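Welcome! Please take a look at the sequence and the 3D structure, and then try the exercises with us.

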Amino acid sequence: LDSGAVYTLALKTHIGMSIDTFRYFAGWCDKIHGSVIPINHARPNKNMTFTRKEPIGVCGIITPWNYPLMMLAWKMAACIAAGNTVVLKPAQVTPLTSLKFCELVVLAGFPPGVINVLPGSGSVVGQAMADHPLIRKLGFTGSTPVGKTIMKSCGASNLKKVSLELGGKSPLIIFADSDMDKAVRMSCNGVFFNKGENCIAAGRIFVEEKIHDEFLERVLVEVKKMKIGHPMDRSTDHGPQNHMAHLQKLLEYCQEGVTEGAKLVYGGKRCDRPGLFMEPTVFTDVEDHMMIAKEESFGPVMIISTFRDLDEAVIRANAVEFGLASGVFTKDLSKAMRVAESIEAGTVFVNTYNKTDVAAPFGGFKQSGFGKDLGEEALNEYLRTKAITLEY
């Protein structure tokens with residue numbers, strides 16, 4: 001209801017992975033510890049250093065509108081497990097999920113003041129959190145321009161610790177020797193999952209030149225099968241976009257692609273039905289200089305380009321300022337590993353896509369941000385290390 005996610009996806013991913021995340025980090029609560037470090041002795045005495053992992057204190061969390069519960073869980077579970085208190089600001093257009101979560105927190109018996117929710121605009125509430133001298137850590141998921149503003153404010157206020165999960169333009173490279181059926185299926189999933197409102201969406205698909213026509217033909221078959229409809233209908237594949245302003249930006253994005261000379265082969269317009277529905281869209285003949293080749297749509301738009309060899313694909317995939325996720329499809333393990341090692345992205349999927357897990361660290365490179373959600377590494381975002389040295 002808050003984000004327009006189709007029912008089956010909301011149940012499995014929005015809610016299912018949120019539950020898994022809290023359960024995973026609950027298991028870490030009694031396993032956070034420091035280490036003993038041998039150091040040089042001040043003879044004739046002896047010395048020893050040990051470290052403590054301590055909570056930071058009051059932490060701020062700012063979450064996006066595409067996954068209002070799951071993004072809350074990804075950050076809050078690690079934050080609470082590390083022993084902190086939290087102030088959460090949900091996205092202005094999806095506050096209901098966080099408020100309902102707060103109601104459940106009270107019923108679960110959390111002490112007052114541990115979890116706090118402040119709905120409101122980013123320019124007022126978000127800015128106040130970034131500026132506040134008693135908040136010592138801020139975790140943010142959202143756009144790169146807003147992330148830069150938050151980072152400046154956190155530095156100017158009290159040098160609070162920051163973790164940023166920002167925009168992406170994740171490349172998906174498909175070689176001619178890949179399993180075509182799986183590559184097509186996973187490409188569609190990588191682009192159209194959650195109506196394309198997905199931070200690691202396959203923002204640009206590089207297809208080896210010799211299989212481009214077959215790949216495009218099969219993609220169009222799959223896209224035409226997608227059922228667009230009410231998100232509460234369990235048979236629906238593709239629901240409405242989150243809000244009107246975003247839908248308008250998507251339509252302008254597609255128009256820019258056409259203006260620049262990309263070939264629009266399917267979709268590109270609003271559905272002729274009530275609601276904020278956009279047709280799944282496919283572009284091909286997309287060249288590197290085009291805006292749609294460099295900027296993410298954050299919507300159901302597939303961008304297809306061709307390549308001739310591995311080196312060309314990697315160079316072009318790395319030629320953007322984002323590095324959140326990436327993928328490669330090939331039956332050649334050596335080729336897959338060469339791509340995985342060369343791609344400048346925090347996550348690389350090999351012969352799969354969108355396969356995130358609560359135990360695996362998640363975060364980007366370059367202007368996709370820094371810091372990690374999920375996995376053991378996420379705990380370090382909400383802990384500080386103290387070294388204690390003694391003499392005896």
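What follows is a set of three exercises, each with a worked solution.

Before you start, note that this is a predicted model, in which local features need pLDDT of at least 70, side-chain atom pairs count only at pLDDT 80 or more, and totals for chains, interfaces and linings use all residues. Residues are numbered from 1 along each chain as its sequence is written, and side-chain values use heavy atoms, with hydrogens and water left out.

**Exercise 1: a sheet**

Task: Work out the strand order of the open sheet of three strands, and find which strands lie at its edges.

Solution:

Step 1. Start with the terms. Strands (E, at least two residues) and helices (H or I, at least four) are DSSP runs, numbered from the N terminus. Two strands pair if DSSP finds at least two bridges between them.

Step 2. Look at β1 and β2 (residues 47-55): they pair in the antiparallel sense over two bridges. Here Val36 stands opposite Phe50 in β2.

Step 3. Now turn to β2 and β18, which are antiparallel too and pair over nine bridges. In this pairing Thr49 is opposite Thr389 of β18.

Step 4. Put the pairings together: the order is β1-β2-β18. The edge strands are β1 (36-37) and β18 (383-391), since each pairs on one side only.

A general reminder: strands of a sheet pair through backbone hydrogen bonds, either parallel or antiparallel.

**Exercise 2: cysteines**

Task: Find how many disulfides the model has, and explain the count for Cys102 and Cys271.

Solution:

Step 1. Recall the rule: a disulfide is a pair of cysteine sulfur atoms within 2.5 Å. By this rule the count is zero.

Step 2. Check Cys102. The closest cysteine sulfur belongs to Cys79 and is 13 Å away, so it is too far for a bond.

Step 3. Check Cys271. Its closest cysteine sulfur, in Cys254, is 12 Å away, again too far for a bond.

Step 4. Add the surroundings. Buried means under 20% relative accessible area, exposed over 50%, and partly exposed in between (1.4 Å probe, protein chains only). Cys102 is buried at 17%, and Cys271 is buried at 11%.

**Exercise 3: salt bridges**

Task: Look at three salt bridges, Glu54 with Arg52, Asp373 with Lys75 and Glu279 with Lys269, and decide whether each partner is buried or partly exposed.

Solution:

Step 1. Use the cut-off: a side-chain nitrogen of Lys or Arg lies within 4 Å of a carboxyl oxygen of Asp or Glu. The whole structure holds 20 such salt bridges.

Step 2. Take Asp373 and Lys75, whose side chains meet at 2.9 Å, N to O. This pair links distant parts of the chain, 298 residues apart: Asp373 is in the loop between β17 (369-370) and α12 (375-380), and Lys75 is in helix α2 (residues 70-81). Asp373 is buried at 5%, and Lys75 is buried at 2%.

Step 3. Take Glu279 and Lys269, at 3.3 Å, N to O. Both are in the loop between β10 (263-266) and β11 (281-284), ten residues apart. Glu279 is buried at 19%, whereas Lys269 is partly exposed at 48%.

Step 4. Finish with Glu54 and Arg52, whose closest N and O atoms are 2.9 Å apart. Glu54 is buried at 9%, while Arg52 is partly exposed at 42%. Through shared partners, salt bridges join Arg52, Glu54, Arg384 and Lys386 into one network.
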